[in-house]
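Q: Could you take me through one helix pair in this model, slowly and in some detail? I would like to see how the two pack and what lies around them.

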Amino acid sequence: MSAVVYSKRELKRARYAVAAVFAVHGAVVGSFATRVPWIQDHASIGAGQLGIALAFPAVGASVAMPLAGRISHTFGARTALRGLLALWTLSLVLPALAPNLLTLCLALFTYGATAGMADVAMNALGVEVENRMNQSIMSGLHGMWSAGALIGSAAGTLAAHLGSDARAHHVLASAVLTVLGLVACQWVLDLKPTEDEEPPPRFALPPRSALLIGAVGFCAVFAEGASLDWSAVYLRDQLGTSAGLAAASTTGFTLTMAIARLAGDAVVDRFGAVRTVRVGGVLATLGGLLVVFAGNPAAAMGGFALMGLGIAVVVPLAFAAAGRSGPNPSLAIAGVATITYTSGLVAPSAIGTLAQATSLMVSFGLVTVLALALVVFAGVLRAGDRRTAQVSPASEAVPGPRP
């Protein structure tokens, strides 16, 4: 990208603008997740078929994500983000319109494709701002994503409690978020490629040094994706709660995720990356056990909240560790990003498939095992600890998708 020098004021404004974009992106996810039970009923499908449908965002993202870098290269970062974010916010209306499994799969394919491209573009700008400011901001940006998801899920909880039609709810939410996203994009960095800059590669395999780091990120994002899309269904189907109370479990999960991510930089600076992830893994494991063995809705909701608190900062630390894991930080970060992003999109489908064969309780038993793996393998993130490693050169950093 161009080597334009920005003033501190411009960088500060760009930081806030990217933070707003993260929040808008998260609000779309929160709006969708709380209405999954309504969408399932509207399409007249069971848990297994819902699991199949929820695999299609992963397919769409896998196909479309490589295009984001080339779109940014062609049109410039600001224009690309403006267009991709608008496509993502508008795609929110599609799933609730689907009357059957086939149309739901097509809607979720589009939903995933636009999500992935917008995600790559906004993370690219976030990392660029972080490098130019020479200070860590990515945990805070991911915290803003969680805050946006919280706002979206809170609105969805209210809509579900009032018995609102998800089609009307999502049309309204899509319109509001599209306007907010377009406004925020006016102040992000307007980066353009230099004349001799080659287009980015279509796909990057992670080096061996990044595979274990990617595996740790995979565990955390799997738990996040499973909880976001299945927590409301779990409370409704396993514990017989109302639609409004079931949706509130998603809100509790996103609340603790947002709080932990917003405070994440300070916690990691104080205790280190490895210790933070190990303690988080313990909390997430306890949360998973509460969900699996919950005899009442309050215990299950507390379990989902603990899982959100425990896994919140894992992925930002995985990106930091990947950037210091070998001679090619950019390749490592891009590879780990692919692993973690795919995990988040595959998790809902895997949970549904396992639930169809056994039960949702068994599905969240798997999530609990993956949370425990964070405790065991947290040591691979040692390279991401600012207290024990030097920051990689800004010129080598390459962004990856959100957790």
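A: Happily! Helix 13 and helix 17 run roughly antiparallel to each other, because their axes cross at roughly 165° and angles over 145 degrees count as roughly antiparallel. Please keep in mind that this is a predicted model. The two axes come within 7 Å, and the crossing is left-handed.

Now for the residues that meet. Helix 13 contributes Val277, Arg278, Gly281, Val282, Ala284, Thr285, Gly288, Leu289, Val291 and Val292. On the helix 17 side, their partners are Met361, Phe364, Gly365, Thr368, Ala371, Leu372, Leu374 and Val375. The buried residues of helix 17 include Phe364, Thr368, Ala371 and Leu374, and among the others are Leu360, Ser363 and Val367.

Helix 17 itself covers residues 360-377. Its 18 residues should span 26 Å at 1.5 Å a residue, and the end C-alpha atoms are indeed 26 Å apart, which agrees.

Both helices also take part in covering helix 14: what covers its buried residues includes helix 13 and helix 17, along with helix 10, helix 11 and helix 15. Those buried residues are Ala299, Ala300, Gly303, Phe304, Ala305, Met307, Gly308, Gly310 and Ile311. Helix 14 has 15 residues, 297-311, and reaches 21 Å from its first C-alpha to its last, close to the 21 Å expected. At its N-terminal end, Asn296 acts as a cap, with a side-chain oxygen 3.2 Å from the backbone nitrogen of Ala298.

How values were computed. Residues numbered from 1 in each chain as written. Predicted model: local features only at pLDDT ≥ 70, side-chain atom pairs only at ≥ 80, totals over all residues. Heavy atoms only, no water. Helix = DSSP H or I, 4+ residues; strand = E, 2+ residues; numbered from the N terminus. Expected span 1.5 Å × (residues − 1). Buried < 20%, exposed > 50% of the residue type's maximum accessible area, 1.4 Å probe, protein only. Contact = heavy atoms within 4.5 Å. Polar contact = N/O pair within 3.5 Å; in protein donor to acceptor, adjacent residues only side chain to side chain. Axes fitted to C-alpha atoms, helices over the stretch in contact; angles between N-to-C directions. Parallel < 35°, antiparallel > 145°, perpendicular 65-115°, else oblique. Left-handed = near helix turned anticlockwise from the far one by under 90°.
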